Amino acid sequence: MGKYIVRRVIQAIPVLFGITIVVYAILLAAPGGPTARFANNPRVTEADREKFKKAWGLDQPVPVQYCRWMGICNPNNEGLAVFISDQGVPNFLPTAIGGGTNGILHGDFGISISTGQSVSSMIARAALPTAILAGTALVIWLILATLIGSFSAIKRYSFFDQASTVFAYVGYAMPTFWLGIMLIFIFSGPGLNILPAGGMTETRLSPPFGTEAYWAYFAANPFQAIADIGRHLLLPVITLVVVNIAGDSRFIRASMLESLSQDYVRTAKAKGLRNRVVWFKHAFRNAMLPFVTNVGLEIPFLFAGAIVTETIFSWPGMGRLTIDATRDYDYPLLMGVLLITAILVVFANLLADIAYAVVDPRIKY
Amino acid sequence: MTQEAKPLSTPTGSSPIDVEADAIPAIGMGVAQPDEAAALRREEAGADYEVALESLNQWQLAWRKFRHHRLALMGLGILGALIAVAIVGPILWPFDFNSIPKPDQIVYQGRPPSLAHPFGETGGLQRDVLNLVINGARTSLFIGFSSMMLGVLIGTIVGSIAGFLGGVLDNVLMRTVDVFLSIPLLFLILVASRVFGNGNVLLIVVIFAFFSWMGISRLVRSLFLSIREREFVEAARAVGVRDRRIIFRHILPNAISPIVVSASLIVAANIIAEAFVSFLGFGVNPIYPTWGNILSNALTFIPLGNWWWPFFPGLMIILTVLAVNFVGDGLRDALDPRTRA
Amino acid sequence: MTAQGSVEEIAVTIAERPAGTPPDESILLDVRGLQTHFHVMDGTVRAVDGVNFSVPRGGTVGLVGESACGKSVTALTIMRLLDIPPAEIVGGEVWFDGTEILGLPEDEMRHLRGNDIAMIFQEPLTSLNPVFTVGDQIAEQVRLHMKVDKKEAIDRSIESLRLVGIPSPEQRIKQYPHEMSGGMRQRVMIAMALSCEPKLLIADEPTTALDVTIQAQILELLKSVQARTKSALMLITHDLGVVAEMVDEIVVMYAGQIVEQGTAEQVLTAPTDPYTMGLIESLPNVEKRGGRLSAIKGVVPSPFNLPPGCRFAPRCPYAWDACRTTSPELVPAGGPGQRARCLLHTPAGAARRAAMLDTAASGGATAGQGA
């Protein structure tokens, strides 16, 4: 088991490396580059732009920029040559050993061009809201999808099954952001106006989420704070759940139907077991096996859905950060966000594979 | 394939939404029991059905099966109508950017659907939503379909090269695909549309195509790997048929069905993704109507409760994606030689 | 062949009995006029179409026929394991141990399944649940029916594995099905079936999926445990060779109907129905070595498009005009208690039959020789 995990982690390294190259290539191939953000600003002169480029190291050849960003070569040296740090150890080792201070490999994501803050701190701040939103949605959607899918399979062709089929087709075709907008119109529009249209906390009640003042407020009124977040969470979570549940409930239904038609289900019935036991012990356990892998593969979509949902509901998370970084051509921030996301995706897939190996006794490492 | 639509892989195969023989009973056809029937038929292996055997080619057979798929026919009808509207509509009733409301008409509030304006009117510039939706259909469908075609072309070429040549090249290409698929593609599309797109429809098409080929290339490659080992390819090679001819005459025709099915998924995914990217303002120049742009403009009018403004373009997206998915389902069943007519 | 009762006794067991009354005490399972249909997209399949037979206590009966003749559906109908719909039990009665079980409420039926009637399926590879250990799967059944605690259930599981000749059962119960060979898994299935000491064991093609050498072992095992536990056995197979070794009585089915029934000796040595004759002819045997194996010509008719007269007529070498229009009944033929569904054994066919026997006697071709 341990060996298997180690092997999988090692296999993931070239993929992550490839991701950094792809992301970097896209950004650097862009016409104008980061200075494009000044394109419509008449006060920024050509000289200013050059200065800006120099300040951010954008005047260097692309491989050098990439190496610096990765932290492979010494940031103080211009050019590619130096792979060995002043301390005499390779630069691509983590900070504690390598001695360098800048670059991804040293845990340093750089400084955001648009805000001047460190990318790591910006990501760290945005991570919690996204984790709250995506985590809540994931749990609810997995439970509901499992229930709906299983019951559709068991009560095949029943009204419930037909209704959930229609729901799945429509839900699957529904753009996340449209659902979000419609929910806002319904619940936050002038008609009902019972739920907040966006944000994570009620700004009139509490300091902005994540600040020290907020945590002080949270410590003072924990229930009020949680209820406030819950109210703000409701619409975004519904949006994410409805859109994602559609496909998954069909997946589970199909998987469950497949299980229910297996010989061992007939054996279980022939033993005289109750239908409930046959369904939820014998068939269900087998139906869950492919779903475990599927959930791992769905993690990227959860993130994608989160970007969309966060944008619509002004949720101060990673999605918002991505959109802002894209809009402002904030390369260090974008690179950081994309890389973190990719690492999470690779990690989620790994987790799914391991989980699969754990739940299916037939898998050998 | 882009993010909004998941590949929805199922335990048995590569379907969207629904699986195996189970696609048909979805809505309103609850009586039939295709699975049990199939099981029974399997038991009846070797039974004589005394069917007069007509000789039908692959496409006649597929059409015959497709015809029996009620939802797919409906989807095809809807899709045909939408495409017709997208082509003819803007000619008959073009969107006029310069049409600005007369002074006495200037009201901030939009107007709800009425007989004169069945989809209502927007707030602000008082545009007719129906007109916007019709003109948006042209751009949205154009982007959806043409990016799919370009993506399928790229994917087929890459997959063919990887699958037919194998070796190091195969490895490099497939690892590249792995890399692309490890990042939520919507992120990449978003960034690429922002930095390259420039609001230009054709560039957007290219960008979407560039992020739509990975699934297809994997599929084509695996088909190549499995088909090139099959007897008829061996036979062709044995009689000295050239590689190129083997690819185009023997292998690709066999790969068409699964490609067509995934292509339908790509169309659906790209239509949604286009809407999203435009919605964020990174897609098609926001002064022109696409379904995403209409939604984007509507967002600022939430406090006024002009629900019809975002409702109808979204409805069109849902309708299109539903239709495409139904057609995809129908194609999957029709092109699957294991299902019966 | 160990004849369980005298020929006369068996004759009684397969005689018609009035509906609604329980059969004789000596009869464990009595199937009367059973009709099971499947409603599918293309129409209705009459999978079991008026089947009568019975199994004496401790007796052994073989249900024989080609694929899709309705023999498995008969067994599943008795167990009430068919999904309804698409299946529908249209008519008939099944008396088990003095009770009519087709009308039993589901929860009472559940007490019978696995406890009084156990079933072994064709596919040992897929009939065990891959995610539970074999011990769990046997113990689950034991705990369900015997009201014993976990420890004792496990002991009993080990015991039943030992009974079917699995070495070191204490270790084996902790294994998953995929860690065992096909033969071992079928032994586990048998052990599971026998774990609650059922009165009737239904074995549906128990050896078809196994290697030939393993087949013999499993049959031997079935025979010995059946003798030891005194449970009745209903063996379903397409292989006449298997039933010859195993059972006292044979029921031959074709296209949902019984075409011949009688003692094993009667059916195998003196078949009276052309279909049975054809089946026996198609068996390889030592005397015919070197010659061509004969097969019944043609294929089983489509269940949606059964021939109007005798269902076997299109393939029957003896068929004449009447066979294509008249559906024959199951009538006495051959030895005592033996019955066949063939017009040859009715007055209408008597002349033809006499002529046929003459040709056979004068050294002609063996009956049932299909080209």
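A:Ile143 is partly exposed in this predicted model, because its relative accessible area is 48%, a value between the cut-offs of under 20% for buried and over 50% for exposed residues. The residue is placed in helix H5 of chain A. A:Ile143 also belongs to a nonpolar surface patch of about 660 Å². The other members of this patch are A:Val139, A:Ile140, A:Leu144, A:Leu147, A:Phe151, A:Phe160 and A:Phe280. Helix H5 of chain A, which spans residues 119–154, gives the most to the nonpolar patch, contributing six residues.

From this patch the description turns to the interface between chain C and chain A. Here, 26 residues of chain C are in contact with 19 residues of chain A. The size of an interface is often given as the accessible area lost when the parts come together. For chain C and chain A, the buried area is about 2,200 Å², and carbon and sulfur atoms give 58% of this area. On the side of chain C, C:Arg110, C:Val131 and C:Glu140 supply 27% of the area that the chain buries against chain A, more than any other three residues.

Polar interactions also cross this interface. Eleven residue pairs are in polar contact between chain C and chain A, counting pairs with both residues at pLDDT 80 or more. Two salt bridges are found across the interface of these chains. A salt bridge joins the side chains of C:Glu140 and A:Lys281, with an N to O distance of 3.0 Å. C:Glu140 is thus also one of the three residues named above for their share of the area that chain C buries against chain A.

The side of chain C that touches chain A can be described by its elements. Those that give two or more residues are helix H2 (71–79), helix H4 (124–127), helix H5 (134–146) and helix H8 (182–194) of chain C. H5(C) provides the largest share of this side, with five residues.

Chain B may be considered by its overall fold. This chain has twelve helices and zero strands, and its elements, read from the N terminus, run α-α-α-α-α-α-α-α-α-α-α-α. Of the 341 residues of chain B, 53% count as buried. Among contacts in chain B between residues at least 6 apart in sequence, 71% join residues at least 24 apart. Chain B exposes about 15,000 Å², and carbon and sulfur atoms supply 65% of that area.

Technical notes: Residues are numbered from 1 along each chain as its sequence is written. Chains are lettered from A and ligands numbered from 1 in the order in which they are written. This is a predicted model: local features need pLDDT of at least 70, side-chain atom pairs count only at pLDDT 80 or more; totals for chains, interfaces and linings use all residues. Side-chain values use heavy atoms; hydrogens and water are left out. Patches are made of residues with over 30% relative accessible area and no salt bridge: like charges are joined within 9 Å, nonpolar side chains (Val, Leu, Ile, Met, Phe, Trp, Tyr) within 5 Å. Accessible areas come from the Shrake-Rupley method with a 1.4 Å probe; for residues, only the protein chains shown count as cover. A salt bridge is a side-chain nitrogen of Lys or Arg within 4 Å of a carboxyl oxygen of Asp or Glu. Helices (H or I, at least four residues) and strands (E, at least two) are DSSP runs, numbered from the N terminus. Buried means under 20% relative accessible area, exposed over 50%, partly exposed in between (1.4 Å probe, protein chains only). Contact means heavy atoms within 4.5 Å. Buried area is the accessible area (1.4 Å probe) that two parts lose on being put together, summed over both. A polar contact is a pair of N or O atoms within 3.5 Å; within protein, one must be able to donate a hydrogen and the other to accept it, and residues adjacent in sequence count only if both atoms are side-chain atoms.
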